[in-house]
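Please open the model in your viewer and keep the sequence panel beside it, since the tour moves from one selection to the next.

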Amino acid sequence: MIVSLDHIAIAVPDLSKAIERFMNDFGLSFDGKEDVVAAQTTTAFFPVDGTSIELVHPLAGGGPLVKYLEKRGPGIHHICFASDDLDADIERLKEKGYQFLSDEPSLGAHNTRVIFIHPRSCDGVLIELNEQAPHDG
Ligand code: CO
């Protein structure tokens, strides 16, 4: 079940400049950067009242986000809902005909399991579902 709006992600061509904006100009608290190898992105998070802004930038100048920025430019990239049972939500939505970008969830930022629903299934919006991964030990 979807339980909250986890974050809204913005694709940015200049990560440092965008971090400066959200931290200094908008005065949000900066939760740090994290490389997400599975998605080939570098991310930066700014928590705001129960949700977060996520900045996404190509990791080491590579990955699918490079093409995205060339083709569509900077802007809102995806929204992410937190799920309390990701596997059940994937199964339920697949049964309803939703298409996903991958068959299985991958590792996301902040120790989460994530999967993306194809924008063609959601009126052009890329939707990420995430679930907190169990901690080791
Ligand atoms: Co995200």
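The stops below go from the metal site to a helix and then to a set of paired strands. Bear in mind throughout that this is a predicted model.

**The cobalt ion**

Begin by selecting the cobalt ion together with His-7, Glu-54, His-78 and Glu-128, which are its protein donors and lie 2.1 to 2.2 Å from it. The two histidines donate through NE2, and the two glutamates through OE. If you display the angles at the metal, the four donor atoms subtend 83 to 170 degrees, which makes the arrangement irregular. In the sequence panel, the donors of the cobalt ion can be followed along the chain with the spacing H-x46-E-x23-H-x49-E. Within this set, Glu-54 sits in strand β4 (residues 51–58) and Glu-128 in strand β8 (residues 127–132), so that the pair, 74 residues apart, links distant parts of the chain. Both Glu-54 and Glu-128 are buried.

**Helix α3**

Next, select helix α3, residues 86–95, and colour its buried residues, which are Leu-86, Asp-89, Ile-90 and Leu-93. Because these residues cover an arc of only 100 degrees around the axis, they fall on the same side of α3. Which strands do the buried residues of α3 pack against? Showing the contacts brings up β1 (2–11), β5 (75–83), β7 (112–117) and β8, the last of which is the strand that holds the donor Glu-128. Turn to the face of α3 that points away from its buried side, and you will find the exposed residues Glu-91 and Glu-95. Before leaving the helix, select Gly-97, which follows α3 and has a positive phi near 100 degrees.

**Strand β3 and its neighbours**

Now move to strand β3, residues 41–48, where six of the eight residues are buried, so the strand is largely enclosed by the rest of the structure. On one pairing, β3 runs antiparallel to strand β2 (residues 33–36) over four bridges, and the two form a hairpin with four residues between them. In the turn of that hairpin, Gln-40 has a positive phi of about 55 degrees. The pairing of β3 with β4 is likewise antiparallel, over eight bridges, and this hairpin has two residues between its strands, with Asp-49 in the turn at a positive phi of about 40 degrees.

As a last selection, pick Thr-42 in β3, which is the bridge partner of Asp-35 and also stands opposite His-57 in β4. From there, β4 leads back to Glu-54, a donor of the cobalt ion where the tour began.

How values were computed. Residues numbered from 1 in each chain as written. Predicted model: local features only at pLDDT ≥ 70, side-chain atom pairs only at ≥ 80, totals over all residues. Heavy atoms only, no water. Donors = N, O, S within 2.8 Å, 3.2 Å for Na, K, Ca; no water. Tetrahedral: all angles 85-135°; square planar, octahedral: opposite > 155°, others 65-115°. Buried < 20%, exposed > 50% of the residue type's maximum accessible area, 1.4 Å probe, protein only. Arc of directions from axis to C-beta. Contact = heavy atoms within 4.5 Å. Pairing = 2+ DSSP bridges.
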